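Hi there,

Here is the structure I promised to pass on. Have a look at it first, and my notes follow underneath.

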Amino acid sequence: MTIIVESLDLGGNGPRVVVKDTIDVAGTATRASSKALEHAPLAERHAEVVNHLLAAGARLTGKVNLHELAFGTTGINHYTGTAANPRFPGRIPGGSSSGSAAAVAAGLADFSLGTDTGGSVRIPACCCAVFGFKPTFGRISRKGVMPAQTSLDCVGPFAASLPMLVRAMTMIDPSFVPAQVPQRAKVGVLRVTAEVAIQKVVHGALTASGLQLGNVELKHFGAAYDAGMVVINRETFAACEHLLETGGVGADISGRLTAAGQTSDSALAEAEQVRARFSEEVDHALSRFDVLALPTMPDFPLRLEEAADTRAVLGMTSLVRPFNLSGHPALSIPLGSECGLPVGLQLVGAKGADEKLLAVAERLLLNLHSAQAR
């Protein structure tokens with residue numbers, strides 16, 4: 001079970017925390033689980049988010065594995081080995097923050113940090129049945145986080161419970177003050193394409209929550225997914241093109257990275273137009289609802305042998321990637337299913353309203369647990 005790639009013992013006596021190996025920790029190399037970075041220099045200083053963790057008394061115990069160069073959704077890594085999915089053996093752990101989710105699911109950390117450029121916190125959170133949160137874009141400092149330049153990527157926490165996730169946010173964002181849990185909330189239920197079994201679980205949870213539900217349709221949703229792919233391809237190629245020359249990038253990633261280099265200026269300009277339209281559309285929907293709700297993934301996590309082709313499985317991010325493009329905060333809540341496989345309920349909030357989103361999630365879970373107890 002390749003989860004921890006470097007053991008550490010830094011900080012205080014607070015929660016045990018591990019961080020994705022795209023986040024600088026002074027005195028260690030940031031290798032992003034790639035042979036191309038095996039000789040990377042040691043970081044001279046902590047990433048700003050690590051400084052926040054240590055200042056808040058967290059105990060930093062390790063750096064964890066990921067999908068190579070954070071450029072994939074399955075978590076499969078042929079160089080470092082693939083982090084095993086502790087709760088669903090034989091299933092993918094999800095990517096790219098595979099080790100971050102698996103560490104929490106395995107009880108190796110009280111919470112962990114990953115990064116989310118196209119679903120890379122929410123997808124592994126769903127696969128490993130833990131909570132995973134992508135904050136509002138720009139809310140959490142990315143100083144000292146790879147890649148240095150991005151218009152999509154967010155540092156975000158994983159935890160086994162929502163209260164621990166909220167505690168994590170208070171430790172990595174000094175401006176975060178938990179909001180009071182509301183008595184009621186309006187939830188806009190997004191019409192999306194997903195397997196019937198997934199839709200059934202999500203619909204059942206939302207109905208049982210007793211919250212006021214209304215239907216929402218975002219007409220630019222599909223275009224936002226496509227535009228998000230264009231932007232991540234352009235930005236990842238810009239950040240990692242030089243690594244192709246080392247010959248150390250895995251075949252699956254080098255192929256995808258080379259293809260990403262063909263992204264045209266016109267495609268990028270069109271993607272930015274879609275970003276503006278979709279962001280406005282989501283903002284408008286959130287002026288009518290406290291949160292939006294939809295599944296995290298359109299299907300159950302694949303078995304490892306089914307997920308060998310990275311490019312063939314990119315569709316698993318179809319329901320999460322649009323909100324990287326728009327920059328809205330999004331949370332994946334773990335739910336069960338009749339077949340025993342994990343389902344994620346994704347809640348999306350207004351930009352900057354991360355505290356409100358997590359408070360509404362707490363109300364939904366409290367109501368759901370109360371309904372299940374009756």
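**What I found**

The protein chain exposes about 14,400 Å², and carbon and sulfur atoms supply 51% of it; accessible areas come from the Shrake-Rupley method with a 1.4 Å probe, and for residues only the protein chains shown count as cover. Please keep in mind that this is a predicted model, in which local features need pLDDT of at least 70 and side-chain atom pairs count only at pLDDT 80 or more, while totals for chains, interfaces and linings use all residues. Residues are numbered from 1 along each chain as its sequence is written, and side-chain values use heavy atoms, with hydrogens and water left out.

**Overall shape**

The chain has 10 helices and 11 strands, taken as DSSP runs numbered from the N terminus (helices are H or I with at least four residues, strands are E with at least two). Its radius of gyration is 19 Å, which agrees with the value near 21 Å for a compact globule of 374 residues; the radius is taken over C-alpha atoms, and the globule rule is 2.2 Å times the number of residues to the power 0.38. The C-alpha trace spans about 55 × 50 × 40 Å along its principal axes.

Buried residues make up 58% of the 374 (buried is under 20% relative accessible area, exposed over 50%, partly exposed in between, with a 1.4 Å probe and protein chains only). Among contacts with a separation of 6 or more, 76% come from residues 24 or more positions apart, where contact means heavy atoms within 4.5 Å.

**The cores**

A nonpolar core here is a set of buried Ala, Val, Leu, Ile, Met, Phe, Trp, Tyr and Cys residues joined through side-chain atoms within 4.5 Å. The largest has 55 residues, and those touching the most other members include Val49, Phe111 and Leu358. Helix H4 (residues 162-172) gives the most to this core, with 8 residues. Leaving aside neighbours within four places in sequence, Leu358 is in contact with Phe133, Leu162, Leu165, Val166, Met169, Phe176 and Leu331. A second, separate core of 41 residues includes Ala40, Phe237, Ala285 and Phe323.

**Three residues to click on**

Leu10 belongs to strand E1 (residues 4-11) and is partly exposed, with a relative accessible area of 28%. Thr61 sits in strand E3 (residues 59-64) and is buried at 17%. The two are 51 residues apart along the chain, yet their C-alpha atoms are separated by 6.7 Å. Not counting residues up to four places away in sequence, Thr61 touches Glu6, Ser7, Leu8, Arg16, Val17 and Val18.

Leu42 is in the loop between strand E2 (16-20) and helix H1 (48-55), and is exposed because its relative accessible area is 55%. From Leu42 to Val187 the C-alpha distance is 46 Å, with their positions 145 residues apart in sequence.

**Backbone points to check**

Most residues other than glycine have a negative phi, and most peptide bonds are trans. Leu69, however, has a positive phi near 55°, and Ala70 has one of about 55°. Leu69 counts as buried at 6% relative accessibility, and Ala70 is buried at 18%. The peptide bond from Gly95 to Ser96 is cis, with omega near 10°, and another cis bond joins Met146 and Pro147, with omega about 0°.

Best wishes
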